[in-house]
Amino acid sequence: MQQLSLIQQLAVSILPILFAITIPAGAQAFMADRLGDRTAYMTGRRTFSPLAHIDPIGSIVLPLIGVAMGGFIIGWPKSLQLNPGAMRNPRTALAKVAVVTPLANLAMALLWAGVVAASGHLSDYFGEPLQLMALIGIKVNVALMIFTLIPLPPLPGGVIVQSLLPARAAWQFSKVERYSFWILLLLMFSGILGKLLLPLVQAIVVLIVGAVLG
């Protein structure tokens, strides 16, 4: 990435970032539908098409700013409407919908690792850019997997924590949501988020890439 111009970095990064942000939203929609909530289906969100899940700021602008700044990449898809009352055992169901997100990012990181391995069997003309894109895919998905586990609602980590708390404590914890966006922006642009999470992200990426490349 250091040898590429900014435009080249953005061009190679856009697809891995877009898939990393939108595919988990589709997975959430399918899980919610399976648990009895048809809202995602009726609103056209029960699909893995990125076009159905793109949020202009969260899916494109902020992630590309992260690439340009060389820092921690965060992002989110368009908000997914859910009807917990339609689900069986709503609190447990919401936790299941939430945990799908980091699991989907982990699955995509492993798929991109497979692409890294496959790129070694191609000519340099095709193999090198494909390997670079795949490495970005691994890094972005691992970063988002860790990011989504931050215990702040409405992030999946926050939803999971909320589902584990007693009802009254969960209600109190839910009040944090109104401040979550600003807390995350402060953590991101102050550099605190990167300092806390980048070492963990790098360790996991090295583990995955090392397993593929031997």
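**Pocket, cores and overall fold of an all-helical model**

Helix α4 provides the largest share of the lining of the largest pocket, with 6 residues. The structure is a predicted model. The volume of this pocket is about 1000 Å³. Its lining comprises 39 residues, and those nearest the centre of the pocket are Gln28, Pro154, Leu155, Pro156 and Val159. Two or more lining residues are given by each of α1 (6-34), α4 (90-119), α5 (124-148), α6 (156-164), α7 (167-174) and α8 (177-189). By residue class, the lining of the largest pocket consists of 24 nonpolar, 10 polar and 5 charged residues.

The protein chain contains 9 helices and 0 strands, and its pattern along the sequence is α-α-α-α-α-α-α-α-α. The C-alpha atoms occupy a box of roughly 55 × 35 × 30 Å along the principal axes. The radius of gyration is 18 Å, which agrees with the value near 17 Å for a compact globule of 214 residues. Of these 214 residues, 42% count as buried. Among contacts between residues at least 6 apart in sequence, 70% join residues that are at least 24 apart.

In soluble globular proteins, nonpolar side chains tend to be buried together. In the present model, the largest nonpolar core has 33 residues, and the most contacts inside this core are made by Ile17, Ile138, Val140, Val142, Phe147, Ile150 and Leu193. At least two residues of the core are supplied by each of α1, α3 (56-69), α4, α5, α8 and α9 (192-213). The largest share, 10 residues, comes from α5. With residues up to four places away in sequence not counted, Ile17 touches Ser59, Pro63, Leu64, Val67, Ile73 and Val140. A second core, separate from the one described above, has 5 residues, including Ala32, Leu35, Met87 and Val97.

Individual polar residues were then considered. Asn105 is located in helix α4. Its relative accessible area is 1%, so Asn105 is classed as buried, the limit being under 20%. Beyond its neighbours within four places in sequence, Asn105 is in contact with Ala20, Pro24, Asn141, Leu144 and Met145.

Ser163 belongs to helix α6. Ser163 also counts as buried, because its relative accessibility of 19% falls under the 20% limit. When neighbours within four places in sequence are set aside, the contacts of Ser163 are with Arg91 and Ala95.

Ser5 lies in the segment before α1. Its relative accessible area is 35%, and Ser5 is therefore partly exposed, a class that lies between the buried limit of 20% and the exposed limit of 50%. Ser5 and Ala169 are 164 residues apart along the chain, and their C-alpha atoms are separated by 49 Å.

How values were computed. Residues are numbered from 1 along each chain as its sequence is written. This is a predicted model: local features need pLDDT of at least 70, side-chain atom pairs count only at pLDDT 80 or more; totals for chains, interfaces and linings use all residues. Side-chain values use heavy atoms; hydrogens and water are left out. On a 1 Å grid over the protein atoms alone, a cavity is a set of points where a 1.4 Å probe fits but cannot get out, and a pocket is an open set with protein on both sides within 12 Å along at least five of seven lines; lining residues have an atom within 4 Å of a point. Grid points are joined across faces, edges and corners, and a volume is the space filled by probe spheres set on the points. Helices (H or I, at least four residues) and strands (E, at least two) are DSSP runs, numbered from the N terminus. Ala, Val, Leu, Ile, Met, Phe, Trp, Tyr, Cys and Pro count as nonpolar, Asp, Glu, Lys and Arg as charged, and the others, Gly among them, as polar. Buried means under 20% relative accessible area, exposed over 50%, partly exposed in between (1.4 Å probe, protein chains only). Contact means heavy atoms within 4.5 Å. A nonpolar core is a set of buried Ala, Val, Leu, Ile, Met, Phe, Trp, Tyr and Cys residues joined through side-chain atoms within 4.5 Å. The radius of gyration is taken over C-alpha atoms; the globule rule is 2.2 Å times the number of residues to the power 0.38.
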